[in-house]
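User: Please take a close look at a single helix of this protein, covering its span, its buried positions and the patches on its surface.

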Amino acid sequence: MNDIPWWVWVIIAVVVVVVIALAIIAATRKDRERKVARRREEANALREQAQETRLEASQREAEAARARADAEEARVAAEQREREAREHQEHAQRTRSEVDEQLAKADRLDPEGRPAGDRTDDVRREDVRREDVRRDDVRRDDVSPTDVEDDPRHRDPDSGRRQD
């Protein structure tokens, strides 16, 4: 080993150091590339997850809009039913008032002409009328003017025609 000049040993040492440095640089580069690839994969996974979450959010927003539309439709239907109920109630009250007026007119024309079960005072008749109006089963067609016209209490016994 003494036969090899010192400068050859220096060249060999420099070559070994260069090879080691190149190996370290290559390993560092591969490690960096792996880190970049891993980060890219993580970023892609996050993007996919964000896209799925965005789709879910869009679906939930659409469901919420449908629910709001359904609620609005139900509210409108409820308001319509309430309006119809008020109309039915008003019609029943008007009809009941017309009946009361016709009965009062009949009583003025012939106070003794009431049927035996109908000889109550006006206060009692008003109480009964109020109770009837409060009942839940009042319908638009419960009492109509033709029902009153057909009632024999409101007809002239001689001609069969209605008394007014």
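Analyst: The following account begins with the basis of the model and then turns to helix α1.

This is a predicted model, in which local features need pLDDT of at least 70, side-chain atom pairs count only at pLDDT 80 or more, and totals for chains, interfaces and linings use all residues. Residues are numbered from 1 along each chain as its sequence is written, and side-chain values use heavy atoms, with hydrogens and water left out.

The protein has three helices and zero strands, where helices (H or I, at least four residues) and strands (E, at least two) are DSSP runs numbered from the N terminus. Helix α1 covers residues 6-109; at 1.5 Å a residue its 104 residues should span 154 Å, and because its end C-alpha atoms are 151 Å apart, the two values agree. The expected span is 1.5 Å times one less than the number of residues.

Of the 164 residues of the protein, 10% count as buried, meaning under 20% relative accessible area, with exposed being over 50% and partly exposed in between (1.4 Å probe, protein chains only). Within α1, the buried residues include Ala92, Thr95, Val99 and Leu103.

A nonpolar surface patch, with about 990 Å² of accessible area together, includes Trp6, Trp7, Val10 and Ile11; Val10 lies in α1 and counts as partly exposed because its relative accessibility is 41%. Lys30, Arg34, Arg38 and Arg39 form a positive surface patch, and Arg38, also in α1, is partly exposed at 45%. Patches are made of residues with over 30% relative accessible area and no salt bridge (a side-chain nitrogen of Lys or Arg within 4 Å of a carboxyl oxygen of Asp or Glu), with like charges joined within 9 Å and nonpolar side chains (Val, Leu, Ile, Met, Phe, Trp, Tyr) within 5 Å.

Notes. Accessible areas come from the Shrake-Rupley method with a 1.4 Å probe; for residues, only the protein chains shown count as cover. Lys and Arg count as positive and Asp and Glu as negative; His and the chain ends are not counted. The place of a charge is taken as NZ of Lys, CZ of Arg, CG of Asp or CD of Glu.
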